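Trainee: Got a minute? I'd like to go through this one with you.
Mentor: Sure, let's put it on screen.

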Amino acid sequence: MELWYTENHTDNVKFSIKVKEHIYSKKSPFQQIDIFETYEFGKLLTIDGLVMVTEKDEFVYHEMISHVPMAVNPNIQNVLVIGGGDGGSVRELTRYKNIKKIDMVEIDEVVVRSCEQYIPQTACKLNDERVSLYFEDGIKFVEDKENEYDLIIVDSTDPVGPGEGLFTIEFYRNCYRALTKNGILINQHESPYYERDSKEMKRAHRKIKNVFEVSKVYQFHIPTYPSGHWLFGFASKGIDPIKGLDANKWNALGLKTKYYNTDIHVGSFALPTFVKEMLEDETV
Ligand code: SAM
């Protein structure tokens with residue numbers, strides 16, 4: 001008998017991965033969490049039936065969410081990660097000696113504990129002494145923060161369920177206030193390809209553009225997300241992600257990466273015409 005994990009990428013497109021074993025399944029107060037052992041992608045974490053992380057391609061997502069802002073401002077010391085329960089973003093951030101504090105605010109402790117047990121590849125650095133874990137709603141957490149973080153990474157699920165409020169203008173305003181003068185906001189920015197995802201992408205961009213002086217979008221290729229074409233947002237109070245990049249300085253750190261390099265840093269902000277047009281569309 002063959003076992004397959006299947007996700008509907010649209011009503012008319014399905015994506016399937018052959019499964020060796022369904023190793024974990026739990027309904028938390030917030031969402032349904034499953035972990036599978038697969039033939040091609042290693043361990044696979046899904047939340048509410050959507051791929052979050054696979055061992056084979058998580059490096060793309062986690063390197064691009066963390067090294068892009070760190071290369072623009074290597075003096076970042078205080079970081080807030082919202083979501084990110086698999087631990088992959090924190091793992092990459094802990095590679096920077098300059099960082100003094102990483103607060104990770106994940107609404108669902110079950111995601112963290114299940115990843116610690118079954119996906120240590122991503123959850124391996126959550127016990128770093130600079131990391132504090134808060135099992136709270138990230139939306140609430142930032143409400144009373146001011147001038148506190150040099151970097152906020154919103155490593156969230158899609159804007160449904162508990163992740164919905166992480167895509168609102170109030171939340172972006174609170175992040176702005178929580179950031180220092182040279183602070184950077186990076187957010188999971190959905191995808192331009194299928195309509196369901198591109199609608200959210202356009203909405204998020206319009207809101208962030210309203211709040212931040214600089215609001216750019218960059219892309220990466222991740223095989224297990226719908227269409228494989230995915231985006232992060234880069235927003236700041238003035239720092240530009242390309243003019244602000246000091247490639248020599250980042251390269252001198254000697255960090256070994258599999259996807260990120262300072263050429264792809266610059267290239268990832270060059271967007272296809274259809275994506276540029278979507279981002280300029282003010283009617284959403
Ligand atoms: N790489 C992933 C992706 O884009 O598919 C995101 C990974 S991470 C597992 C997303 C996490 O965000 C989940 O563990 C979820 O519990 C958390 N999350 C959703 N809404 C949240 C909220 N309001 N506050 C804090 N964490 C939240």
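The chat below goes through an annotated site, the ligand and two loop residues.

Mentor: Keep in mind that this is a predicted model.

Trainee: Okay. Where does UniProt place the feature "active site"?
Mentor: The UniProt record puts it at D155, in an unreviewed entry.

Trainee: Which strand is D155 in?
Mentor: D155 is found in β9, which covers residues 149-155.

Trainee: And is D155 buried or exposed?
Mentor: Buried. Its relative accessibility is 7%, and the cut-off for buried is under 20%, so D155 qualifies.

Trainee: What does D155 touch, beyond residues up to four places away in sequence?
Mentor: The list is Y61, H62, I65, V81, I82, G83, G84 and S89. Y61 also makes a polar contact with D155, side chain to side chain, at 2.7 Å.

Trainee: Switching to the ligand. How many residues are around it, and which come nearest?
Mentor: There are 26 around the ligand. Q31, E106, D137, G138 and Y225 come nearest.

Trainee: What does E106 do there, in terms of polar atoms?
Mentor: One of its polar side-chain atoms lies 2.5 Å from a ligand oxygen.

Trainee: What about the ligand's nitrogen atoms?
Mentor: Two residues to note. Y225 has a side-chain N or O atom 2.9 Å from a ligand nitrogen. I107 uses its backbone: an N or O atom there lies 3.2 Å from a nitrogen atom of the ligand.

Trainee: How much of the ligand's accessible area does the protein cover?
Mentor: 99%. On its own, the ligand has 590 Å² of accessible area.

Trainee: New topic: E136. Where is it?
Mentor: In the loop between β8 (131-134) and α5 (138-141).

Trainee: Which contacts does E136 make outside its neighbours within four places in sequence?
Mentor: V105, E106, I107 and F141. Two of those names came up at the ligand: E106 with its side chain and I107 with its backbone.

Trainee: How does the accessibility of E136 count?
Mentor: As partly exposed, because its relative accessibility is 35%.

Trainee: How far is E136 from A235, going by C-alpha atoms?
Mentor: 24 Å, with the two positions 99 residues apart along the chain as the separation.

Trainee: Last one, T94. Which loop is that in?
Mentor: The one between α2 (88-93) and β7 (101-105).

Trainee: Buried or exposed?
Mentor: T94 is buried, because its relative accessible area is 11%. Setting aside neighbours within four places in sequence, T94 contacts I102, K125, D128, R130 and V131.

Notes. Residues are numbered from 1 along each chain as its sequence is written. This is a predicted model: local features need pLDDT of at least 70, side-chain atom pairs count only at pLDDT 80 or more; totals for chains, interfaces and linings use all residues. Side-chain values use heavy atoms; hydrogens and water are left out. UniProt positions are given in the numbering used here, feature names are shortened, and annotations may be inferred rather than shown by experiment. Helices (H or I, at least four residues) and strands (E, at least two) are DSSP runs, numbered from the N terminus. Buried means under 20% relative accessible area, exposed over 50%, partly exposed in between (1.4 Å probe, protein chains only). Contact means heavy atoms within 4.5 Å. A polar contact is a pair of N or O atoms within 3.5 Å; within protein, one must be able to donate a hydrogen and the other to accept it, and residues adjacent in sequence count only if both atoms are side-chain atoms. A residue is near a molecule or strand if one of its heavy atoms lies within 4 Å of it. Accessible areas come from the Shrake-Rupley method with a 1.4 Å probe; for residues, only the protein chains shown count as cover.
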